[in-house]
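Trainee: I am new to this structure and would like a close look at a single part of it. Could you take me through the largest pocket, step by step, and then place that pocket in its surroundings?

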Amino acid sequence: MPSLLTIDEPAAPPRRPRPQWRAFTEMGFRPLYLAGCLWALVSVWLWVHAPGRITGLMAGVFWHAHEMLWGFVATIAVGFLLTAGANWTGKNPLRGNALALLCLLWLVARVGYLTPGRPAYVIAVVADLGFFVWGAAALGRAVWVTRNQRNAGVPVLMLGLAATNALYLWAAAQGDYLAVMRYFNAGLLCMAVLTLLIARRVIPFFAKRAVTGLDIAAQTRSGHWQLGTGVAAIAGLLAGQPRLAAAALTATGLIALWQWVSWKPWAVRRVPLLWILYAGYVGLGAGLLVGAAQLAGEVVRLAWPAHVIGVAGFSVLIVGMVTRTALGHLGRPLQTDRCMVASFVLVIVAALLRLAALWPSVAATGLLHAATSAWGLAMALYLWRFFPLMIRPRADAAKPAAPMMRVMPVARPRV
């Protein structure tokens with residue numbers, strides 16, 4: 001008799017891995033993406049709906065500006081750079097308990113700034129500066145040990161964030177409003193230069209991998225010019241030369257917009273993981289031009305540059321980047337679901353509503369509240385979708401074996 005083909009029953013689907021401390025502290029993006037997005041939700045809600053609870057030495061708009069730039073945007077940047085640094089150098093800058101201690105410094109700073117009294121403020125300042133300096137030192141050590149010269153400037157820019165943060169905190173403690181604004185704008189530009197440097201590398205790379213046949217030039221030379229003009233804008237601002245800073249910032253923003261056009265934005269319109277990054281990059285470029293107009297003495301409201309750069313630029317880029325990089329490093333397919341796309345749309349809506357609320361009108365308060373709701377929902381959707389993944393091992397850490405198929409012989413009857 002012929003053999004019979006039999007198929008074993010497939011094994012039961014693997015159980016979902018349990019949360020693991022080792023997995024959660026494996027790379028910088030895991031705790032810092034979650035912390036940054038949670039703080040973005042909480043801090044904006046406090047600022048709009050419960051400002052009376054902001055009782056620390058640095059209260060009011062000083063606290064809001066600081067926490068959005070250094071508490072949210074720069075925190076996400078540190079998480080990204082510690083993770084990217086592992087790819088650039090082959091050496092993970094921070095992991096395990098050392099990464100946990102870095103996050104503890106971040107948490108102490110957030111709580112300290114909300115606690116009344118000068119001692120709490122001093123503790124918060126020490127923890128906050130320690131967070132940025134330690135992060136920069138860890139990345140710098142990985143770059144130095146591996147002789148990774150191409151990325152040698154990134155830890156320096158991180159130290160620039162720490163330095164402008166220290167100057168801002170000192171000026172805020174003195175109550176010197178003009179100095180606070182100067183150092184905030186310097187920190188904003190440091191973050192912008194760092195963001196342009198990273199985005200110029202990763203956005204074309206992501207686009208060429210995702211869209212078949214898409215050819216994008218490297219833009220290396222324009223990137224060098226952009227870095228130079230961005231640093232010149234920071235130097236001009238700190239030196240009290242607003243005209244020089246405005247000219248350099250104009251060049252930086254125009255280069256960004258020219259790069260955006262050269263990246264063929266129409267080709268990525270059907271890929272959410274790409275169009276959200278393109279939207280953030282063009283928002284950042286436009287924001288730099290708004291900032292240049294203000295420095296040049298044009299009639300621009302004081303809050304406009306910070307909000308165009310910070311909300312339409314940084315925040316839109318962030319929600320796309322924390323989604324794209326988290327999926328990749330978690331071993332997940334680089335595909336969006338409805339929850340992810342909804343968070344993209346909501347953060348863009350929040351940016352548009354927030355900018356509309358800057359225009360003096362009877363609708364300004366309502367627009368601000370609507371922007372806050374859209375913002376909070378965007379961050380909540382990200383946390384809801386990614387928190388369970390961040391605290392567990394990678395999806396491809398242990399792949400189950402495929403169902404077995406075998407041929408079993410059938411006993412022949414004796415004749």
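Mentor: Let us begin with the walls of the largest pocket in this predicted model, where six helices each supply at least two residues of the lining, namely H2 (29-49), H3 (60-89), H7 (177-210), H11 (304-329), H12 (338-357) and H13 (364-390). Among these contributors, H3 gives the most to the lining of the largest pocket, with eight residues. The space that lies in this pocket comes to about 820 Å³. Its lining is made up of 38 residues, and those closest to the centre of the pocket are His 64, Ala 303, Ala 306, His 307 and Arg 354. If you sort the lining of the largest pocket by class, you find 29 nonpolar residues, seven polar residues and two charged residues.

The next step is to ask where this pocket sits in the protein as a whole. The chain is divided into domain 1, which covers 19-175, and domain 2, which covers 194-389. Because domain 1 and domain 2 both give residues to the lining of the largest pocket, the pocket lies between them. The C-alpha centres of the two domains are 20 Å apart, and the contact between them takes 27 residues from domain 1 and 25 residues from domain 2.

With that setting in mind, it helps to put the second largest pocket beside the one you asked about. About 570 Å³ of space lies in the second largest pocket, and of the 22 residues that line it, the closest to its centre are Trp 88, Arg 201, Val 202, Phe 205 and Phe 206. Two or more residues of this lining come from each of H3, H7, H8 (220-238) and H11, and H7 provides the largest share, with eight residues. Divided by class, the lining of the second largest pocket holds 10 nonpolar, seven polar and five charged residues. The second largest pocket also lies between domain 1 and domain 2, since both domains give residues to its lining.

One helix of the largest pocket's lining, H12 (338-357), brings us to a question about cysteines, because the numbering of that helix takes in Cys 339. Cys 339 is buried, with a relative accessible area of 14%. The cysteine sulfur closest to that of Cys 339 belongs to Cys 37 and is 12 Å away, which is too far for a bond, given that a disulfide requires two cysteine sulfur atoms within 2.5 Å. By this rule the count of disulfides comes to zero. Cys 190 is likewise buried, with a relative accessible area of 7%.

Finally, two loops deserve a careful look for their backbone geometry. Most residues other than glycine have a negative phi. Arg 147, although not a glycine, has a positive phi of about 55°, and this residue lies in the loop between H5 (118-145) and H6 (153-174). Lys 264, which is not a glycine either, has a positive phi of about 60°, and Lys 264 is found in the loop between H9 (242-262) and H10 (272-295). Arg 147 counts as exposed at 57% relative accessibility, whereas Lys 264, at 40%, counts as partly exposed.

Key
Residues are numbered from 1 along each chain as its sequence is written. This is a predicted model: local features need pLDDT of at least 70, side-chain atom pairs count only at pLDDT 80 or more; totals for chains, interfaces and linings use all residues. Side-chain values use heavy atoms; hydrogens and water are left out. On a 1 Å grid over the protein atoms alone, a cavity is a set of points where a 1.4 Å probe fits but cannot get out, and a pocket is an open set with protein on both sides within 12 Å along at least five of seven lines; lining residues have an atom within 4 Å of a point. Grid points are joined across faces, edges and corners, and a volume is the space filled by probe spheres set on the points. Helices (H or I, at least four residues) and strands (E, at least two) are DSSP runs, numbered from the N terminus. Ala, Val, Leu, Ile, Met, Phe, Trp, Tyr, Cys and Pro count as nonpolar, Asp, Glu, Lys and Arg as charged, and the others, Gly among them, as polar. Domain bounds come from an automatic or database domain assignment. Buried means under 20% relative accessible area, exposed over 50%, partly exposed in between (1.4 Å probe, protein chains only). Contact means heavy atoms within 4.5 Å.
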